[in-house]
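Q: Could you take a close look at one strand of this chain and its pairing, and then follow the chain outward to the elements that help place it in context? I would like a connected account rather than a list.

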Amino acid sequence: MKKTIELAGRVKHLPPYLFDKIDKLKKQARAKGVDLIDLSIGDPDIPTPAHIVEALQSAAPKPEHHRYPAYEGMLAYREAVARWYLRRFGVTLDPGTEVLSLIGSKEGIGHLPLAYVNPGDIVLCPSPGYPVYSIGTMFAGGKPYLMPLREVNGYFPDFSAIPRDVLNRTKLMFLNYPNNPTSAVCGREQFMEAVELAHKYNFIICHDAAYSEVYFNGKKPMSFLEIDGARDVAVELHSLSKTYNMTGWRIGFAVGNADIIFGLGKIKTNLDSGVFQAVQEAAVAAIETDDSVLAPLRDTYRARRDTLYDGLRAIGIEAMRPDATFYLWAKVPARFNSESFAVHLLENAGISATPGNGFGEAGEGYIRFALTVDVERMKEAVERMRKII
Ligand SMILES: *Cc1c(COP(=O)(O)O)cnc(C)c1O
């Protein structure tokens, strides 16, 4: 007799996966031989720069790298991170206590609530937002409280709309700028407001800075740790994935408040054994990458952005002109909602994009295009859309 193997509640009660329908339609389209233009994937289409791959090749044979790595990362890696922080943001970090390696920043997001959130504690999560903030919260038994990001507020949460009793029960808040999916970049005043709130209500802030280096208007996004008092309450997560086209390598880092880094490290010592040290050596080469290597990457995204943004405007689709990230957040035409527009694009133009409501209810009415195809394909996408709008 076939036994029923029951999933744990935390898995059974995961919110419905809103991209399900789109994923199925995408598969069907591909099976039918449709020449799909995929603008739904948040994964760079450009390979990792050669000098980083070469650094891995020379590090891989070293026997000292073939043993268990330390969960906190090699000192050389943490020192490289600290040097970069000083150079890039003017922020001084102690590589011994204020830097921790991560197996991608997603790992840090998932593990942080395990270190700090008790069952019933509230975690403030942006909506629309990267889904792992609220899912990591639920896995730890916490309660996500969704903060809507609205265009009128520059896609920054309106803290005054959060009830006081919610703030009193809040243990952690996630923020993410430059933002996925809206591409919004945020300024000093907004970060200051967040730090002030965290001090007042005694909670932790985790700022996800995965896109801090994916900018293309010359105005560099700032670090959350540049704000006075941030280090008392905050950690910042970084990823090498998006900056250096290294999504497959699984490496990132957490920096900031030494106590919070310690707590996150406690979870990691008990669950993982760190990042393959050869990958860490390559990551040092990545972090030390000259701007002359990154500049052409930024030019590439800027050209794609211009093609798509100008094209959408010309056919009457309103969008945010992104200055950072590789996403373009657009309003769906009035006769559609997020999902019906995504389905329309797929079925009638062979274009896949991500419906905004999949990132949270507040994303309803929007669609996210990823700038991860070349300019020629982007032109083709605009041309196809023109015919069906
Ligand atoms: C891609 C992404 C991540 C995860 O990056 P990894 O370092 O590859 O785990 C985290 N946060 C946001 C907002 C992302 O878009």
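A: Both faces of strand E7 are covered, since Ala234, Glu236 and His238 on one side and Val235, Leu237 and Ser239 on the other are all buried. This is read from a predicted model. The two groups of three follow a general rule, namely that in a regular strand the side chains alternate between the two faces of the sheet. Taken as a whole, E7 covers residues 234-239, and 6 of its 6 residues are buried, which makes the strand mostly covered.

The pairing of E7 can be followed through one residue, Val235. Strand E6, made of residues 204-208, is joined to E7 by 4 bridges, and the two run parallel; here Cys206 has Val235 as its bridge partner in E7. E7 also pairs with strand E8, residues 252-256, in the antiparallel sense and over 5 bridges, and in that pairing the bridge partner of Val235 is Gly256 of E8. Val235 is therefore a bridge partner of Cys206 and of Gly256, while its own side chain belongs to one of the two buried faces described above.

A second strand that can be set beside E7 is E3, residues 122-127, where 6 of the 6 residues are buried, so that E3 is largely enclosed by the rest of the structure. Ile122, Leu124 and Pro126 point one way from E3, whereas Val123, Cys125 and Ser127 point the other way, and all of these are buried. E3 is joined by 6 bridges to strand E4, residues 143-148, with the two running parallel, and within this pair Leu124 stands opposite Tyr145 of E4.

Going back to E6, the loop between that strand and helix H9 (230-233) holds Phe216. Phe216 is buried, because its relative accessible area is 2% and the cut-off for that term is under 20%. When neighbours within four places in sequence are left aside, the contacts of Phe216 include Arg298, Tyr301, Arg302, Arg305 and Leu371, as well as Pro322, Asp323, Ala324 and Thr325. Of these contacts, Ala324 lies 108 residues from Phe216 along the chain, and yet the C-alpha atoms of the two are separated by 6.0 Å.

Further along the chain there is an open sheet of 3 strands, in the order E9-E12-E11 and with antiparallel pairing. Strands E9 (327-331) and E11 (354-355) stand at its edges with a single partner strand each, so one side of each is left without a neighbour in the sheet. E11 pairs with strand E12, residues 366-370, over 2 bridges in the antiparallel sense, and Pro355 stands opposite Ile367 of E12. Helix H13, residues 338-349, packs on this sheet and touches E11 and E12, its direction making about 45 degrees with that of E12. His344 has its place in H13 and is buried, with a relative accessible area of 15%; apart from neighbours within four places in sequence, it is in contact with Arg335, Phe336, Ala349 and Ile388.

The surface offers a contrast to these covered parts. Leu7, in the segment before helix H1 (9-12), is exposed, because its relative accessible area of 52% is above the cut-off of over 50%. Together with Val11, Leu14 and Phe139, Leu7 makes a nonpolar surface patch of about 320 Å².

Terms used:
Residues are numbered from 1 along each chain as its sequence is written. This is a predicted model: local features need pLDDT of at least 70, side-chain atom pairs count only at pLDDT 80 or more; totals for chains, interfaces and linings use all residues. Side-chain values use heavy atoms; hydrogens and water are left out. Patches are made of residues with over 30% relative accessible area and no salt bridge: like charges are joined within 9 Å, nonpolar side chains (Val, Leu, Ile, Met, Phe, Trp, Tyr) within 5 Å. Accessible areas come from the Shrake-Rupley method with a 1.4 Å probe; for residues, only the protein chains shown count as cover. A salt bridge is a side-chain nitrogen of Lys or Arg within 4 Å of a carboxyl oxygen of Asp or Glu. Buried means under 20% relative accessible area, exposed over 50%, partly exposed in between (1.4 Å probe, protein chains only). Two strands pair if DSSP finds at least two bridges between them. Contact means heavy atoms within 4.5 Å. Axes are lines fitted to C-alpha atoms, for helices over the stretch in contact, and angles run from 0 to 180 degrees between N-to-C directions.
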